[in-house]
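Me: Could you take a close look at one part of this protein for me, the packing of its interior? I'd enjoy a connected walk through the rings and the nonpolar residues.

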Amino acid sequence: MLIHSTRFGDIDVPAEQILQFPHGIPGFPAEKVFAYLVRDKKSPFSFLQSASDPNLTFLLAEPFTFFNDYEFALDDGIAQEMGLSEENPPQIFTMATLKGKLEDMTVNLLAPLVINTKERTGRQIILDRSQYSTRQKLFPNGLPQQAAKGGK
């Protein structure tokens with residue numbers, strides 16, 4: 001699928017990287033098709049690019065890389081609707097926001113993205129009665145030494 005992106009230019013995305021969000025994403029209910037883009041396989045960051053809006057790109061982060069104790073129970077009805085099970089576990093991402101300095105980056109732990117990689121479907125869920133924040137600092141103790149020096 002050819003996708004026009006203001007961030008990445010025109011990109012030809014293989015079908016296995018296209019994700020359907022039947023419910024849209026909160027705040028963007030009409031956006032139901034996205035490309036999952038990995039720029040560096042070693043990085044915990046990736047992108048979700050809208051297939052229809054060139055200006056709509058979300059920065060994703062793998063939460064368990066940064067928050068070892070991050071956990072939540074997925075509602076059985078949502079798991080069943082999405083076709084998730086112990087044999088087909090979800091992949092979890094959080095949306096990240098970067099405004100200004102890298103050390104001030106935040107992630108939305110309250111509303112993770114749940115992805116069924118087998119069916120290539122996704123849904124953003126909002127956790128009920130959770131202590132998590134929509135603006136959790138990713139680096140509460142400052143940047144790791146390697147990142148502060150610019151990586152490798």
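Reply: Happy to; what follows goes from the aromatic pairs to the nonpolar cores and ends at one buried serine. Please keep in mind that this is a predicted model.

Let's start with the rings. The structure contains 10 aromatic pairs. One of them joins Y36 and F93 in a tilted arrangement, with ring centres 5.3 Å apart and 45 degrees between the planes. Y36 belongs to strand β4 (residues 33–37) and F93 to strand β7 (residues 91–97), so this pair ties together parts that are 57 residues apart in sequence. Both of these residues, Y36 and F93, are buried. A second tilted pair is made by F64 and Y70, at 5.8 Å centre to centre and again with 45 degrees between the planes. Its two partners make a nice contrast in burial: F64 counts as partly exposed because its relative accessibility is 42%, whereas Y70, at 4%, counts as buried. Elsewhere, ring pairs connect F21, F28, F34 and F58 into a cluster.

Now for the nonpolar cores. In soluble globular proteins, nonpolar side chains tend to be buried together. Here the largest nonpolar core has 28 residues, and the members that touch the most others are V13, L37, Y70 and V107. At least two residues of this core come from each of β4, β6 (57–61), α2 (76–82) and β7. Helix α2 gives the largest share, 3 residues. Apart from this core lies another, of 13 residues, including L19, F21, F34 and L113. F21 and F34 therefore appear both in the ring cluster and in this second core.

It is worth pausing at L37, one of the best-connected members of the largest core. Beyond residues up to four places away in sequence, L37 touches F8, I11, V13, Q17, S46, F47 and Q49. V13, then, is among the contacts of L37, and V13 is also listed with L37 among the members touching the most others.

Finally, the serine. S50 lies in strand β5 (residues 45–50), and it counts as buried because its relative accessibility is 0%. What does its polar side chain reach? The side chain of S50 has a polar atom 3.1 Å from the backbone nitrogen of S52, and it also reaches the backbone nitrogen of D53 at 2.9 Å. Leaving aside neighbours within four places in sequence, S50 is in contact with I3, E31, V33, F34 and L56. F34 brings us back to the rings, as one of the residues in the cluster with F21, F28 and F58.

Technical notes: Residues numbered from 1 in each chain as written. Predicted model: local features only at pLDDT ≥ 70, side-chain atom pairs only at ≥ 80, totals over all residues. Heavy atoms only, no water. Phe/Tyr/Trp six-rings, centres within 6.5 Å; stacked < 30°, edge-to-face > 60°. Helix = DSSP H or I, 4+ residues; strand = E, 2+ residues; numbered from the N terminus. Buried < 20%, exposed > 50% of the residue type's maximum accessible area, 1.4 Å probe, protein only. Core = buried A, V, L, I, M, F, W, Y, C linked by side-chain atoms within 4.5 Å. Contact = heavy atoms within 4.5 Å. Polar contact = N/O pair within 3.5 Å; in protein donor to acceptor, adjacent residues only side chain to side chain.
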